[in-house]
Each structure stands twice: as C-alpha cells, then as structure tokens.
Amino acid sequence: MRIVVLAGGIGGARFLRGLMSAVPDADITVIGNTGDDIHLFGLKVCPDLDTVMYTLGGGIHEEQGWGRAEETFAVKEELAAYGVGPEWFGLGDRDFATHIVRTQMMGAGYSLSAVTEALCARWQPGVRLLPMTDDRVETHVLIDDPEGEGRKAVHFQEYWVRMRASVPAHAVVPVGADQAKPAPGVLEAIADADVVLFPPSNPVVSVGTILAVPGVREAIADAGVPVVGLSPIVGDAPVRGMADKVLAAVGVESTAAAVAKHYGSGLLDGWLVDTVDAGAVDEVEAAGIRCRAVPLMMADTEATARMATEALALAEEVRA
C-alpha cells in the first residue's frame, strides 16, 4: 500500500509513528510543511521536517515532542551572553548541528529536498520525507501592532513561540507560497498513492500551508484515491497547541465539523472525529464527507495505531 501523508510537526510526527506501527509494510511518503521554516543565527531551521525526522528516527525529546533528546544548551547560553538573540527560540547544541549541515549544503547549491534526503540517511525514519517545496515559503501572522496604531505581520514562529498566540490573529499568510513549486517527487507521490491522509495537524498553518503550494491541492483532488483526515479538534478545542487562534483568523469555528467543511468535499472524502464529537457526524456527512466517530487521543503508539487503522478502514469504505 502506498500512502501519502501531509504532515506538520508534533501531531503529524506522532501520527506517523502510529501509522507505521499499524501498517509496517506500507510505502509511506510524507510531504512536510516548510512554512514554519525560519533563519536564525545565519542558519536555515526547518522545525516540522526535523520533528518528523527526529521522532521517527528515535532522536526526539519525547516529553516536549520537539527538539533532541538529551539536549544541552551551551551555544544558546553563549549567544545570550553576547547579547545575540532571539532567546525565545530554544535551539539546543545537538539541534544546531543539523541546522549547520543543512545550511552548509544549501550554501553549496543543494536543494532543500536533497538536503532532507541526506539528513534522513543518518536518521533512517522509515518513510520518504519530502519538503512541500524547495522554494522559500514563510508563514506570517497579521496582528495588532502593540507599539502603535494599525497592524503588522510577524513570522509564525514569533507568534507561536514567543507570543504563545496570546493576541488575536487577523490573517495568516504563507508568504511566497503562490510562487512556489512542489518539490521533486511530491506530485508523483500523490499520483501514485493508494490513499492520502491528513493527520491531526494544524489545518491552517501545517496542512493548509502545504495545500497552498500551487498544484498540491489539485493533485490530491484529481488523484482519484480516498482522502481521509483526522480531526485535530476534540470537544471544540485543539488537542494540542493553539489551532483555534489561527482557525479564527481564517473564519473557521474551532469544531471538528467546521474543520472538515473548511477542507471541503471537493478535497476530503472521509473524516474521523472523536467520540465526544459524535454529534457532528451527521453535519459532516450532510456536507458530502463520510464521517465516523472513533477515539482520537494519541495517548501512546498503540492508541495512535488504532486511529491510523480506523482512517485506512474509512478509506476502504470510501473506495468501495
């Protein structure tokens, strides 16, 4: 079975671990979000790609869900002693090494997809990890300017990490996405897939950013295979993170049904909601999307594997 998964960071990575446990013989291609990418200290940092790579490769900080296990922060402390920031973004010493290698290779002319393949040669994640694009795309968030009248745009990482999404977001813009091209292998993987899955990743700044790259949404819609998503909203609240803040920015309620309708029946064939949202099933199906209520809390790999199995079962139901 050939499976394509559109993945953000923590939620996508943990879902992938369950998926691999559920179908260990599947050929899985992961199209990773790069809208979160940021340049820090002269280095190219790819948080979502690295979270998938570290999680599946056994190097993730399990409690955090991001960053390296057994991390130290000597370089960060030394930079702070020099007064060099930003201090709010916690790059560890082991993590720095990944970003140094990536930046050196890209400076030598290698594409992001080629660099990602080279990095994965060390980590052996067990999936084919592709960035959504080799072009530069950065998600920005429009907020009220706290130092004056009007509004200003800040990088998504500043909004999410430094500000903790503490102020309303008025718009979310994947800067550069409209001019980007899918990375090599992305459209081919979608065309060859037996099923496409949207994990419980952020529907605006993770999966949504991937879909904003011209050609990706169209390829999925035209692939002729089941497209099944799992709701990141349980009981009208995000399972993790602050997805409700960016959903509000694009005019979408923070409910499992609203997120399904945001993706739309022209893209999505099946949708899983948590059992606490079983009342949303009829609403989702009325929108032309087959829907089932199953437990959606990724408490451990076994629970996540059951979620993945339910998603694949719904895909087969749609196919039939």
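**Close-up views of a predicted model**

**View 1. Strand β10 and its parallel partners.** Strand β9 (residues 195-198) is joined to β10 by three bridges, and the two strands run parallel. The structure shown here, as in every view below, is a predicted model. Val 196 has Val 227 of β10 as its bridge partner. Three bridges also join β10 to strand β13 (residues 270-273), again in a parallel arrangement. In this pairing, the bridge partner of Gly 229 is Trp 271 of β13.

**View 2. Side-chain directions along strand β10.** Strand β10 comprises residues 227-230. Val 227 and Gly 229 point one way from the strand, whereas Val 228 and Leu 230 point the other way. Residues on both sides are buried. Two of these residues also appear in the pairings of View 1: Val 227 is the bridge partner of Val 196, and Gly 229 is the bridge partner of Trp 271.

**View 3. The enclosed strand β2 and its pairing with β1.** Strand β2 spans residues 27-32, and five of its six residues are buried, so the strand is largely enclosed by the rest of the structure. Strand β1 (residues 2-7) runs parallel to β2, and six bridges join the two. Within this pair, Ala 7 stands opposite Gly 32 of β2.

**View 4. The antiparallel sheet β7-β6-β8.** Three strands form an open sheet in the order β7-β6-β8, with antiparallel pairing. Strands β7 (151-155) and β8 (171-175) are the edge strands, each of which pairs on one side only. On average, neighbouring strands of this sheet are turned by 30° against each other, direction ignored. Strand β6 (residues 138-144) is joined to β7 by five bridges, and these two strands run antiparallel. One residue pair from this pairing is Leu 142 with its bridge partner Ala 153 in β7.

**View 5. The surroundings of Asp 93.** Asp 93 lies in helix α4, which covers residues 93-107. Asp 93 is buried but has no salt bridge. The nearest side chain of opposite charge belongs to Arg 94 and is 7.6 Å away; a salt bridge would require the charged atoms to be within 4 Å. The side chain of Asp 93 does, however, make a polar contact of 2.6 Å with the side chain of Thr 72. When neighbours within four places in sequence are left aside, Asp 93 is in contact with Glu 71, Thr 72, Phe 73, Ala 74, Val 75 and Lys 76.

Methods:
Residues are numbered from 1 along each chain as its sequence is written. This is a predicted model: local features need pLDDT of at least 70, side-chain atom pairs count only at pLDDT 80 or more; totals for chains, interfaces and linings use all residues. Side-chain values use heavy atoms; hydrogens and water are left out. Helices (H or I, at least four residues) and strands (E, at least two) are DSSP runs, numbered from the N terminus. Buried means under 20% relative accessible area, exposed over 50%, partly exposed in between (1.4 Å probe, protein chains only). Lys and Arg count as positive and Asp and Glu as negative; His and the chain ends are not counted. A polar contact is a pair of N or O atoms within 3.5 Å; within protein, one must be able to donate a hydrogen and the other to accept it, and residues adjacent in sequence count only if both atoms are side-chain atoms. Contact means heavy atoms within 4.5 Å. Two strands pair if DSSP finds at least two bridges between them. Axes are lines fitted to C-alpha atoms, for helices over the stretch in contact, and angles run from 0 to 180 degrees between N-to-C directions.
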